[in-house]
Amino acid sequence: MTDDSKTTQVLETPTAGGSPVGVAVVEPPEAIGAGSRPAGNADAMSAAKESLEDYTLRFAPRSYRKWGAGVVATSALGGIAYLADFSIGANIGISYGTVNAIIGIVVAAVVIFATGFPLAYYAARYNIDLDLITRGSGFGYYGSVVSNVIFATFTFIFFALEGSIMAQGLELGLGIPQWLGYAASTLIVVPLVIYGMKALSKMQVWTTPLWLLLMVVPVGYLVISHPDSIGEFFAFTGKSGAEGTNLASVMLAAGVCLSLMAQIAEQIDYLRFMPPKTAENRGAWWRVVILAGPGWVIFGAIKQIVGMFIAVYLIARLDPAASAHANEPVHQFLGVYQEMMPAWLAMTLAVVLVVISQIKINVTNAYSGSLAWTNSFTRITKSYPGRMVFVVVNLVIALVLMEANMFEFLNTILGFYANCAMAWVVTVASDIAINKYLLKISPKVPEFRRGMLYAVNPVGFISMLASAIVSIAVFFGAFGPAVQPYSPIFAVGLALVLPPVLAVLTRGKYYLRRSDDGIDLPMFDADGNPSDAKLLCHVTGLEFERPDMVRSAQDGPDGEQQFISSLALSTDKSGELLLPAET
């Protein structure tokens, strides 16, 4: 800890609750051994200053987490305002029929909830994002880069999907060409994404009431005013025309829905800012973690079924030819609004709903995607170009997908991607639930700091690659058409079983490079929450909370111990600051 008489407050960032967050820098420079600072300090300083807004690359400290559990929940659930669920539900309903599609949705929801729960708990309890959780859950410091790429892919695929939906609404309502609508839907989110978590939380809270009103009222009206449409909905058999349940169709439908499994990573980007769990807030804390964590899929499943219901209504009651546009949310809600109000008002509200929904989810897609790319790039290159560079990268990729009309190939794209998402998320969930809690081979407390972890842990890394490769091969028919629909079973099954098998075979050898970080202070407080005790990073000259720090291998000018933040260590190109591996 630094002496208060030697510190000067240099930065005060107002939190959502209005309290200042102080970051101390030591004066004069010689007090922290400026002469012993390693080369490459500029990258560490740049990363430190920028990431103070959203803690891009690291643990979210208690001094920053001033939001109440309710605000975190509203912000997190605001991110699932996307309309893609309506398209997904409509697509699988039209393809496989109502009954098969609903069963597929339920199967996917159960898998997503079960695998998302341990991840959400770890994020909220230890205040780290899914990349940091993945590192210590069987992947290693560099091994989790692959999972980061999978998550970044999720963000630009769904950004492109939501942007396409917004462009459809702008074309229908305002006559704006789709190519221009794609560009507009991309650029509109940039100002909000620049400012990180504070701006996102405010935007989500302010827009949620209007979004709920525009979405819930028309669906309620449709069910109340046309009760017979419910029977028609369940009788709908889709393109096949076959009645009854078909297992292959159920699994194909589930496979598309399971592409949303990586959404838990976006929920976690909010949940990592949860307040400490105490005896006083225990009940509310758990409710938020469950509802805003894996509970997102409950709302997602409802939206998928509603999207299917509206699509079937448009096809069966209004115009059989409507199937050409029944999977487009703007046409879905416009069709219902027109039965409730004048055409001009119906069109206005449909466009407003589409725009609000697109902004609410795509600021999260752009924000989370930029974090994923930044994490990967910084870890590999030891340099920090700034998060906004990767905001632009993510948006450019999404724009290219939109211009390539990815909406026409939605089922195929999502079905393929689902195999990668399942392989990653289920592998991490398996390591937490089985290897950490049942077998007790994997360290229970997640480790994410460089120097404490091996570069690659075969337990998670091999499990994810094997399950992804096999399930993708099944998806593309490598084992014959009879097996092809069941790629989700292979992805989930292998990702669930392989981690404990490999953990036993390797005897947990590759989880920790070191078990001692060289700091005598306890990591957790009396309630089991990460400690808020602060230590000085001798590279950046900033104080960071205990869980973010390790002892530096470089002692001070008088032989005194020095400490370094995980952020600064991630940009250390020399490797001279890393403590040696334990033998």
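At what angle do the axes of helix α19 and helix α20 cross? That was my opening lookup, and I note up front that I'm working on a predicted model.

**Entry 1: the helix pair**

I pulled up α19, residues 458-475, and α20, residues 487-506. Their axes come within 8 Å and cross at roughly 155°. That makes the two helices roughly antiparallel, because an angle over 145 degrees counts as such. I also looked up the handedness, and α19 passes α20 in a right-handed crossing.

Next I wanted the residues in the contact. On the α19 side I have P458, V459, I462, S463, A466, S467, V470, S471, V474 and F475. Facing them from α20 are S487, F490, A491, L494, A495, L498, P499, L502, A503 and T506. Sorted by class, this contact has 15 nonpolar residues, five polar ones and no charged ones.

**Entry 2: salt bridges**

No charges in that contact, so I went looking for them elsewhere; opposite charges on side chains can pair when the charged atoms come close. I searched the whole structure and got nine salt bridges.

One of them is R62 with D525, at 2.7 Å from N to O. R62 sits in the loop between α1 (41-51) and α2 (69-78), while D525 is in the loop between α20 and β3 (534-536), so this pair ties together parts 463 residues apart in sequence. Is D525 buried or exposed? Neither, quite: I get a relative accessible area of 27% for D525, so I log it as partly exposed.

**Entry 3: around R449**

E447 and R449 also meet through their side chains, in a salt bridge of 2.8 Å, N to O. I checked accessibility for both. E447 comes out at 12% relative accessibility and counts as buried. R449 is at 3%, so I put R449 down as buried too.

Which other partner does R449 have in a salt bridge? I found D517, again at 2.8 Å from N to O. R449 belongs to the loop between α18 (410-438) and α19, and D517 to the loop between α20 and β3, so the bridge ties together parts 68 residues apart in sequence. D517 is buried, as is R449.

Last lookup: which residues do the shared partners join? Following the salt bridges, I end up with E447, R449, D517 and R546 in one network.

Definitions and conventions: Residues numbered from 1 in each chain as written. Predicted model: local features only at pLDDT ≥ 70, side-chain atom pairs only at ≥ 80, totals over all residues. Heavy atoms only, no water. Axes fitted to C-alpha atoms, helices over the stretch in contact; angles between N-to-C directions. Helix = DSSP H or I, 4+ residues; strand = E, 2+ residues; numbered from the N terminus. Parallel < 35°, antiparallel > 145°, perpendicular 65-115°, else oblique. Left-handed = near helix turned anticlockwise from the far one by under 90°. Contact = heavy atoms within 4.5 Å. Nonpolar A, V, L, I, M, F, W, Y, C, P; charged D, E, K, R; others polar. Salt bridge = Lys/Arg side-chain N within 4 Å of Asp/Glu carboxyl O. Buried < 20%, exposed > 50% of the residue type's maximum accessible area, 1.4 Å probe, protein only.
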